[in-house]
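Trainee: Please take one part of this model and go through it with me slowly. I'd like to hear what sits around it too.

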Amino acid sequence: MKLLPAQLLVILITVNTFPSWSQVGQQGIKICVISDVHYFDTSLLINDGTAFQNYLTYDRKLLKESYAITESLIDSLIAEQPDIVLVSGDITKDGELICHQKMAAYFEALEMNGAQVFVSPGNHDINNPHAVAYDGDVTYPVPSVNAAEFVSTYEDFGFNEAILRDTASLSYVAEPIPGLQILSMDVCRYDSNYINNYPQTDGGFKPQVLEWVKDRVIDATSSGKIILGLQHHNMIEHFTNQKLVFSEYVIDDWDNISTILADLGLKVVFTGHFHAQDAVSKTTLAGNTIFDFETGSAVTFPCPYRIVTIHPDLTMDVTGKRVTEIDYDTGSMTFQQYAKNELVNGLPSTIIYLLTNPPFNLSQSTAEFVEPAFSETILAHYEGNEGSPSSNTQFVMFSLYLSGYGYIADGMQSIWNDKSPDDWNMSTSLQPALVPQQLNITILLQGPFSDSEMTTHLNPEFLPLAQPYIDLPWNYSGLSSVQQIPSPDVVDWVLVETHDAPDAASVSVNSLVGRRVGWLHNNGNITALNGSSNLQFYHEIKQALFVVVRHRNHLAVLSSSPLVLSGGIYTYDYTTDADKAFGGIAAQAEVIPGKWALIAGDADADGVISQMDKTDFWSVFSGKSGYLKEDFNLDSQVDNLDKNDCWRINLGENSQLPAGK
Ligand SMILES: [Ca+2]
Ligand SMILES: [Ca+2]
Ligand SMILES: [Ca+2]
Ligand SMILES: [Ca+2]
């Protein structure tokens, strides 16, 4: 299961030759998932007393046992020998610095044993005003972490490994194994916690974070890579009307967002938050299925963790295990009996509180009548594979129907109607359903064009092995780097976008379905990274295929007409006529009679060749050499040739893309 150096080498050598998902398929990959560990360090319980006992009255977590449970859990994970460990938030009880530091040490131990750990924050983990120590009948505030401190504490468990991090949240994407990406999505809302003096429990995507996440899914899936989502809150409802009744546990606008992400190719999200071991799926109208695997809490019965195996044929098995033994006095009971007993004893007060408050607003007596049935339902849901309600619970539900509280009975029944798949043991395929589309694209760049082809002055000395479109404004995350430049004919990296739109004028960020980096050769042909194959895209086109080609310091072009499949290949040559690019003669420059090229001089890649490209960029770097965006003719030197022959003659030109850039 582990990557031996020799196997890793095979992966690295073959990465340029085969579709990337086949690298995943060369061996099994084992992933463990833990959630809602809510680690509570023993040092925070200075003296047990009324303060701590009052807290426990309305809490379902095994906090006194937390240290012993975590020790056992980490030992079990080490014994599993996973390649990857995913942590879907609520790592600590209430964001205490000491608890985060202790958990980081546990994660370090996992990594010392060969796993790569990836964390996502939960609603308790950041800016938490409830971070306290308990001493008899009083509490003391203790240091807690803000977002920046969360990142620095867990920098080795996702943030430093990331290909790309979001600037508007703690979301990131990493590729721990070639062809397998982890997308950690920060859907928590901790910015106002100190103003409210309460950690906000609900979750959802800020609009710009959702756009960032969509692009990560596009970049991975259009490259044929597997991308696994990780977030704290549920991505889809785990029972009918969960969002209505337990609104804080499912992301806002979940139905719409899960449809968008599923249709872009996201198949799997690992979540937590509700403390239930539950698996559900949803299939969109377009026929795409997304799974939400919620992992129960390590400190709430049944104290589970998940084990995910991705086999060489890309079948994914999702199973689970329970923490079974801890170094703690559980009396005459096994730990599982003890944990269940604690939950059974703890649920009634919590459930009565829930039922007597909005949205239920039951009277105390009605709540007390309903509570045993409701508690049994929640207990069954936490444990997973709910089975059938007891006769007493059936009687309570029947009574609720007769007495005008049918909606509560419906809610309970929806939990018992456990949605597929099985919560503890299921299998699905991660294989891309589509055969890739082959794209054979030809462009020229005005800057390096000379006589009849482009120069290759940057190759090999200055051409980077890491693709240059990782940063703004492109933020491309489908690939980080290659091992070698495949050919002396290579001019530079380019970024190719596929769009699904009715016509060229409708192309926008919303029509984007695929992106890949490729090599531009001196004859204008764009190839895959092996230097000879066509670029491949794994998206089905429903309307028509339009292609945008971007270069880091030339104006982007869009095909004026849809690409047509011929001999299994979509071929498009932008160079043969002004009308091949949307916008016609304004979109490209005629470099020799009848040959058209992308317009040079856009140092800041904002779609406009302006004074800023000179004063803020060219002037600053003039005289320097290297792989520089101010080097418009790509000869490795920033000098007057770039200013006079490229920038000046194009000053005032704009990208002719419908959206302006
Ligand atoms: Ca279930
Ligand atoms: Ca289920
Ligand atoms: Ca510009
Ligand atoms: Ca130059």
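Mentor: Let's begin with a word you'll need: helices (H or I, at least four residues) and strands (E, at least two) are DSSP runs, numbered from the N terminus. This is a predicted model, where local features need pLDDT of at least 70 and side-chain atom pairs count only at pLDDT 80 or more, while totals for chains, interfaces and linings use all residues. Residues are numbered from 1 along each chain as its sequence is written, with chains lettered from A and ligands numbered from 1 in the order in which they are written.

Our part is helix α13. Find residues 364–383: that's 20 residues, spanning 28 Å from the first C-alpha to the last. The expected span, 1.5 Å times one less than the number of residues, is 28 Å as well, so to speak a good match. Still, α13 has a kink of about 45° at E371, shortly before the proline P372; that bend is the angle between axes fitted to the seven residues ending there and the seven starting there. Just past the end of α13 you'll meet G384, with a positive phi of about 90°.

Now for what is tucked away. A residue is buried if 20 or more other C-beta atoms, placed from the backbone, lie within 10 Å of its own. In α13 the buried set includes A367, V370, E371, A373 and F374, and further along you'll find I378, H381 and Y382 among them. Their packing partners are β12 (278–283), α12 (335–355), α14 (391–402) and α15 (406–416).

Turn to one of those partners, α15. Here I408, A409, G411, M412 and I415 are buried. Looking down the axis of α15, you'd see these residues fall within an arc of 155°, so they line one face of the helix. (The arc is that of the directions from the helix axis to the C-beta atoms.) The cover over them includes α10 (242–245), α13 and α14, so to speak our helix turning up again from the other side.

Another partner, β12, takes us into a sheet. Two strands pair if DSSP finds at least two bridges between them. The sheet is open, with 7 strands in the order β7-β8-β9-β10-β11-β13-β12 and mixed pairing. β7 (164–165) and β12 are at the edges with a single partner strand each, so one side of each has no neighbour in the sheet.

Step inward to β11 (residues 268–271). Strand β10 (residues 226–230) runs parallel to β11, joined to it by 3 bridges, and L230 has F270 as its bridge partner. Strand β13 (residues 289–294) is also parallel to β11, over 4 bridges, with V268 opposite F291. Both faces of β11 are covered: V268 and F270 are buried on one side, V269 and T271 on the other. That fits a handy rule: in a regular strand the side chains alternate between the two faces of the sheet.

Technical notes: Buried ≥ 20, exposed ≤ 12 C-beta atoms within 10 Å, placed from the backbone. Contact = placed C-beta atoms within 7 Å.
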